[in-house]
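Visitor: Please walk me through this model. Keep it brisk.

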Amino acid sequence: MPTFAMPVRDATNQSERILSLWQGSWIAALAVGAVTWGLILWPAIAFRRKRGETGLPPQTRYNLPIEVFYTAVPVIMIAVFFYFTARDEDRIMRVSAHPDHEITVTGQQWSWQFTYTSDGGRLTTVTGTPGQPPTLYLPQGESVKFTLHSNDVIHSFWVPAFLFKMDVIPGRTNHFQITPKQLGTFKGKCAELCGQDHARMLFNVKVVSPTEYDQYVSDLKIRLLQGSAQ
Ligand SMILES: [Cu+2]
């Protein structure tokens with residue numbers, strides 16, 4: 001029996017909302033699908049040509065109520081999808097003026113650079129390579145605002161377990177904010193085909209306790225200072 005990972009409900013403060021939007025959309029789409037398939041199969045079976053019948057069945061044209069109905073129903077369906085998507089997108093995209101931490105992510109062919117902007121600035125930049133994916137540390141239970149830059153082409157910052165990704169676009173700064181809730185190591189990848197080593201544009205995310213996070217960042221500062229002094 002193959003085992004499937006359960007959807008991650010509590011990876012970040014946004015996961016629950018994203019997951020319910022996704023599940024709700026699927027339920028609505030399947031319900032619409034069931035009605036549509038039914039309306040295709042039912043006339044094909046119920047009104048099929050019986051033995052001995054000739055000629056065309058009665059032809060119906062310009063039935064105003066039906067035409068209004070099949071125009072109005074899709075408009076309502078789109079409006080419902082739009083409402084829930086816009087409502088959730090608005091909440092998911094909110095960033096606060098004073099988050100607990102700020103991290104800058106730079107995408108470049110073909111790896112990532114992480115800078116702990118509010119906890120040490122440029123002294124705390126970690127750069128990966130396609131062969132050596134960098135690890136991003138995040139503090140559990142504290143809000144982190146991300147700033148996304150690209151040095152070359154379009155990339156996409158994606159942590160599948162967070163049920164969230166955002167494009168990283170040259171000449172444009174993108175932001176998002178999350179509060180990690182679950183401790184653990186998660187995989188991250190580039191989700192926008194960006195060239196030869198796109199598939200190797202990987203990284204890891206380690207959600208640790210705030211104390212461990214502070215310890216990591218200050219160790220990193222010392223390590224990088226010593227490295228640059230040599
Ligand atoms: Cu990329």
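Visitor: Which residue is the bridge partner of Phe157 in S7?
Guide: This is a predicted model, where local features need pLDDT of at least 70, side-chain atom pairs count only at pLDDT 80 or more, and totals for chains, interfaces and linings use all residues. Residues are numbered from 1 along each chain as its sequence is written. Strands here are DSSP runs (E, at least two residues), as helices are (H or I, at least four), numbered from the N terminus. In S7, Phe157 has as its bridge partner Met166.

Visitor: In what sense do S6 and S7 pair?
Guide: Two strands pair if DSSP finds at least two bridges between them. Strand S6 covers residues 155–159. With S7 it forms 5 bridges, and the sense is antiparallel.

Visitor: Which strands stand at the edges of the sheet S4-S10-S9-S6-S7?
Guide: That sheet is open, has 5 strands and shows mixed pairing. Its twist averages 25° from one strand to the next, where axes are lines fitted to C-alpha atoms, for helices over the stretch in contact, and angles run from 0 to 180 degrees between N-to-C directions. Each edge strand has a single partner strand, so one side of each is left without a neighbour in the sheet. The edge strands are S4 (135–139) and S7 (164–168).

Visitor: What is the strand order in the open sheet that holds S1?
Guide: This sheet also has its pairing described as mixed, over 5 strands. Strand S3 (125–127) and strand S8 (174–178) each have a single partner, so each has one side without a neighbour in the sheet. The twist averages 20° from one strand to the next. The order is S3-S2-S1-S5-S8.

Visitor: How many residues lie between S1 and S2 in their hairpin?
Guide: Strand S1 (residues 101–108) pairs with S2 in the antiparallel sense over 5 bridges. Thr104 stands opposite Thr115 in S2. The number of residues between the two strands of the hairpin is 2.

Visitor: Which residue in S3 is the bridge partner of Gln113?
Guide: Strand S2 (residues 111–115) pairs with S3 in the antiparallel sense over 3 bridges. Phe114 has Val126 as its partner in S3. For Gln113, the partner is Thr127.

Visitor: How many of the residues of S2 are buried?
Guide: A residue is buried if 20 or more other C-beta atoms lie within 10 Å of its own, exposed if 12 or fewer, and partly exposed in between, with C-beta atoms placed from the backbone. S2 is mostly covered. Of its 5 residues, the buried number is 4.

Visitor: Is helix H2 largely covered or in the open?
Guide: Helix H2 (residues 64–92) reaches 42 Å from its first C-alpha to its last. That is close to the expected 42 Å, which is 1.5 Å times one less than the number of residues. The number buried among its 29 residues is 0, so H2 lies largely in the open.

Visitor: How far apart are the C-alpha centres of domain 1 and domain 2?
Guide: Domain bounds come from an automatic or database domain assignment. Domain 1 takes 15–48 + 60–92, and domain 2 takes 101–229. Their C-alpha centres lie apart by 39 Å.

Visitor: What is the radius of gyration of the protein chain?
Guide: The chain has 3 helices and 10 strands. The globule rule (2.2 Å times the number of residues to the power 0.38, with the radius taken over C-alpha atoms) gives 17 Å for 230 residues. The chain's value is well over that, so the chain is more spread out than a compact globule. Its radius of gyration is 26 Å.
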